[in-house]
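Thanks for coming, everyone. Please pull up the model on your screens, and we will walk through it together.

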Amino acid sequence: MSLKIAIGGKGGVGKTTITALLARCLATDKSNKVIAIDADPVANLAAGLGIDETEPITPIAELRDLIAERTGAEPGTMGGFFTLNPKVDDIPDRFSKERDGVKLLVMGTVQSGGSGCICPESTILKALMTHLVLYRDDIVVMDMEAGVEHLGRATSGSVDALVIVVNPGARSRHAAEKIRKLGKDIGIKRIVVLANRVNDEQDEELIRSTMTDFEIIGFIPEAAEIVSADRLGRRPFENIDEVPVQLRAAADRLKSLRTE
């Protein structure tokens with residue numbers, strides 16, 4: 001199936017862990033082709049997926065030779081002439097790492113000129129994101145920073161949903177409002193909330209009562225396994241069938257968005 005999901009949230013809500021677990025849940029159906037995109041400047045989705053990092057993963061934005069070859073300009077330069085529609089269709093297969101049916105691509109960030117610069121690096125990243133969202137028949141799960149900067153207006157309308165991960169509390173509510181506005185500003189049509197680290201019915205009711213104008217797709221309970229895995233430096237739920245039923249239900253809910 002084809003499904004494009006962006007996942008955002010303020011720091012500390014467990015966004016990257018949720019992204020990794022959702023991608024792994026979706027990949028348990030062997031007919032699904034799942035690509036996980038690490039588009040957060042603090043890239044640590046590989047650890048959540050349990051992908052070996054003994055050989056460091058070079059972000060796409062730092063592949064200088066590739067960028068120069070595809071755009072006709074040296075990375076770090078602005079102005080001048082370079083192609084705005086570089087070839088990117090081979091990048092997901094050439095530069096991803098895979099485990100348990102999930103391919104990981106690390107996007108990286110543009111280091112010069114600001115996030116809106118017109119430069120070879122940003123051109124490659126935007127072309128690659130456009131290709132992944134519009135032209136790949138895959139499930140694409142994107143771990144985004146709050147600003148969803150890699151998603152431009154050309155692709156955002158084809159994203160099936162922006163999932164905002166929240167925790168119980170006012171700060172998550174305020175962050176969700178800001179992220180929702182950013183998502184709407186670039187044209188994402190479906191914006192939903194997934195609550196994480198919900199300890200009890202009181203936490204659930206707090207989220208329901210303070211986020212009445214959001215579509216909430218699930219409540220994921222606090223899991224000791226996630227805390228333990230983080231301490232030991234391993235991915236949580238080595239056996240993905242042992243994830244909380246609420247998280248599996250959230251993955252199924254996301255799949256259903258494609259047909260709504």
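Let's start with a definition. Two strands pair if DSSP finds at least two bridges between them. Keep that in mind, and remember that this is a predicted model.

Now look at the hairpin of S3 and S4. Two residues sit between its strands, and aspartate 100 takes a positive phi near 50° there. Aspartate 100 is not a glycine, yet its phi is positive. The loop that holds aspartate 100 runs between strand S3, residues 97–99, and strand S4, residues 102–106. Is aspartate 100 buried, exposed or partly exposed? Its relative accessible area is 43%, and buried means under 20% while exposed means over 50%, so aspartate 100 is partly exposed.

How do S3 and S4 pair? They run in the antiparallel sense, over three bridges. One pair to find on your screen is glutamate 98, whose bridge partner in S4 is lysine 103.

S4 also pairs with strand S2, residues 34–39. Here the sense is parallel, and there are five bridges. Find aspartate 38, which stands opposite valine 106 in S4. How many residues of S4 are buried? Four of its five, which makes S4 mostly covered.

A general point on strands. In a regular strand the side chains alternate between the two faces of the sheet.

There is another positive phi to look at. Phenylalanine 237 has a phi near 55°, and it too is a residue other than glycine. Phenylalanine 237 lies in the loop between H9 and helix H10, residues 245–257. Buried or exposed? Its relative accessibility is 8%, and the cut-off for buried is under 20%, so phenylalanine 237 counts as buried.

On to the helices. Helix H5 covers residues 120–134, 15 residues in total. From first C-alpha to last, H5 reaches 21 Å, close to the 21 Å expected at 1.5 Å a residue. H5 is mostly covered, with twelve of its 15 residues buried. Among them are Pro120, Glu121, Ile124, Leu128 and His131.

Next, helix H3, residues 64–71. Which of its residues are buried? They are Leu66, Ile67, Ala68, Arg70 and Thr71. What do these buried residues pack against? Helix H4, residues 91–94, and H5. Just after H3 comes glycine 72, with a positive phi of about 80°.

Last topic: pockets. Rolling a probe the size of a water molecule over the atoms shows where empty space is left.

The largest pocket has a volume of about 710 Å³. It is lined by 36 residues, and the closest to its centre are Gly14, Thr16, Thr17, Asn44 and Asp230. Several elements give two or more residues to this lining, including helix H1 at 15–27, helix H2 at 45–49 and helix H9 at 224–232. Strands S7 at 191–198 and S8 at 215–221 also do so. Which element gives the largest share of the lining? H1, with five residues. By type, the lining of the largest pocket has 16 nonpolar, eleven polar and nine charged residues.

The second largest pocket has a volume of about 170 Å³. Ten residues line it, and the closest to its centre are Leu84, Ser122, Thr123, Lys126 and Ala127. Go back to H5 for a moment: Ser122, Thr123 and Ala127 are among its buried residues. The lining of the second largest pocket divides into five nonpolar, four polar and one charged.

Technical notes:
Residues are numbered from 1 along each chain as its sequence is written. This is a predicted model: local features need pLDDT of at least 70, side-chain atom pairs count only at pLDDT 80 or more; totals for chains, interfaces and linings use all residues. Side-chain values use heavy atoms; hydrogens and water are left out. On a 1 Å grid over the protein atoms alone, a cavity is a set of points where a 1.4 Å probe fits but cannot get out, and a pocket is an open set with protein on both sides within 12 Å along at least five of seven lines; lining residues have an atom within 4 Å of a point. Grid points are joined across faces, edges and corners, and a volume is the space filled by probe spheres set on the points. Ala, Val, Leu, Ile, Met, Phe, Trp, Tyr, Cys and Pro count as nonpolar, Asp, Glu, Lys and Arg as charged, and the others, Gly among them, as polar. Buried means under 20% relative accessible area, exposed over 50%, partly exposed in between (1.4 Å probe, protein chains only). The expected span of a helix is 1.5 Å times one less than its number of residues. Contact means heavy atoms within 4.5 Å.
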